[in-house]
Amino acid sequence: MQFHPSTVQTRTATRLGTVRLAASPLGLAGLWFDGQRHLPPQLDGPHAWPQDPQHPVLVAAVNQLQQYLRGERTRFELPLDLAGGTPFQRDVWRALLSIGCGHTTSYGALSQQLGRPAAVRAVGAAVGRNPVSVVVPCHRVLGKDGALTGYAGGLDRKSALLQLEGAALRPAQALA
């Protein structure tokens, strides 16, 4: 993924673990749980994005995330910068935004929605590379027959997010 050169970051503690957030001049560019798969290398190390906990987008994102996790918010009102993905990934991520709170879909249904019924695996890969988890609700995508599968932040978090939203899960799916 390519991120805007002026990207900044902050972190916040949540009931689901520490979250790292990144913003560019265009909007929220990332939200990752510590330890999540596909973390960008710019979060740490000598080439890390600067810390800017007072960046307006990051302040708003932290506040809205905390409200969401307390059950006080069902949708996010943040500018997003999804420009770092491929055109196909951006199409998938925009499609994720259409899945309402408390609702789920499958990778196959998402592929159909995108007019790419044979691209189920490619859709799954794009969902897994979503840089703005929770806000771009990749946790609302389930496997075939409603199976709780594939979440870069961990299945326990996926289950907890879906339970918070009141999504109907089979008893064996509720991990948290």
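**Exercise 1. Surroundings of W49**

Task: In this predicted model, find which residues W49 is in contact with, leaving aside its neighbours within four places in sequence.

Solution:
- Start by placing the residue: W49 sits in the loop between β3 and α1.
- Next, list its partners beyond those neighbours: F3, T7, V8, Q9, A22, W32, P40, Q42 and L43.
- Then check one C-alpha distance. W49 and A23 are 26 residues apart along the chain, and their C-alpha atoms are separated by 9.8 Å.
- Finally, decide on burial. The relative accessible area of W49 is 8%, and buried means under 20%, so W49 counts as buried.

**Exercise 2. Two helices in contact**

Task: Work out how α2 and α4 are oriented towards each other, and what their contact is made of.

Solution:
- Take the geometry to begin with: α2 (residues 87–96) packs against α4 at an angle of about 75°, and the axes are 9 Å apart.
- Now classify the angle. Values of 65 to 115 degrees count as roughly perpendicular, so α2 is roughly perpendicular to α4.
- Collect the residues next. From α2 come F88, Q89, V92, W93 and L96, while α4 supplies A122, V123, A126 and V127.
- Sort them by class: eight are nonpolar, one is polar and none is charged.

**Exercise 3. The buried residues of α5**

Task: Which residues of helix α5 are buried, and what do they pack against?

Solution:
- Go along α5 (residues 155–165) and pick out the buried residues: R157, K158, S159, A160, L161, L162 and E165.
- Look at what lies against them: the strands β2 (17–24), β3 (27–33) and β5 (141–142), together with the helices α1 (56–69) and α3 (107–113).
- Finish just past the helix, where G166 follows α5 with a positive phi, near 80°.

**Exercise 4. Two pockets**

Task: Describe the volume and lining of the largest pocket and of the second largest pocket.

Solution:
- Begin with the largest pocket, whose volume is about 220 Å³. Its lining has 14 residues, with R75, F76, L97, V135 and P137 nearest the centre.
- Split that lining by class, and you get nine nonpolar, three polar and two charged residues.
- Move on to the second largest pocket, which has a volume of about 160 Å³. Here 16 residues form the lining, and R37, V127, G128, R129 and A152 are closest to the centre.
- Sort this second lining too: six residues are nonpolar, eight polar and two charged.
- Last, ask which element gives the most to the second lining. That is helix α4 (residues 120–128), with four residues.

Note on methods
Residues are numbered from 1 along each chain as its sequence is written. This is a predicted model: local features need pLDDT of at least 70, side-chain atom pairs count only at pLDDT 80 or more; totals for chains, interfaces and linings use all residues. Side-chain values use heavy atoms; hydrogens and water are left out. On a 1 Å grid over the protein atoms alone, a cavity is a set of points where a 1.4 Å probe fits but cannot get out, and a pocket is an open set with protein on both sides within 12 Å along at least five of seven lines; lining residues have an atom within 4 Å of a point. Grid points are joined across faces, edges and corners, and a volume is the space filled by probe spheres set on the points. Ala, Val, Leu, Ile, Met, Phe, Trp, Tyr, Cys and Pro count as nonpolar, Asp, Glu, Lys and Arg as charged, and the others, Gly among them, as polar. Axes are lines fitted to C-alpha atoms, for helices over the stretch in contact, and angles run from 0 to 180 degrees between N-to-C directions. Angles under 35 degrees count as roughly parallel, over 145 as roughly antiparallel, 65 to 115 as roughly perpendicular and the rest as oblique. Contact means heavy atoms within 4.5 Å. Buried means under 20% relative accessible area, exposed over 50%, partly exposed in between (1.4 Å probe, protein chains only).
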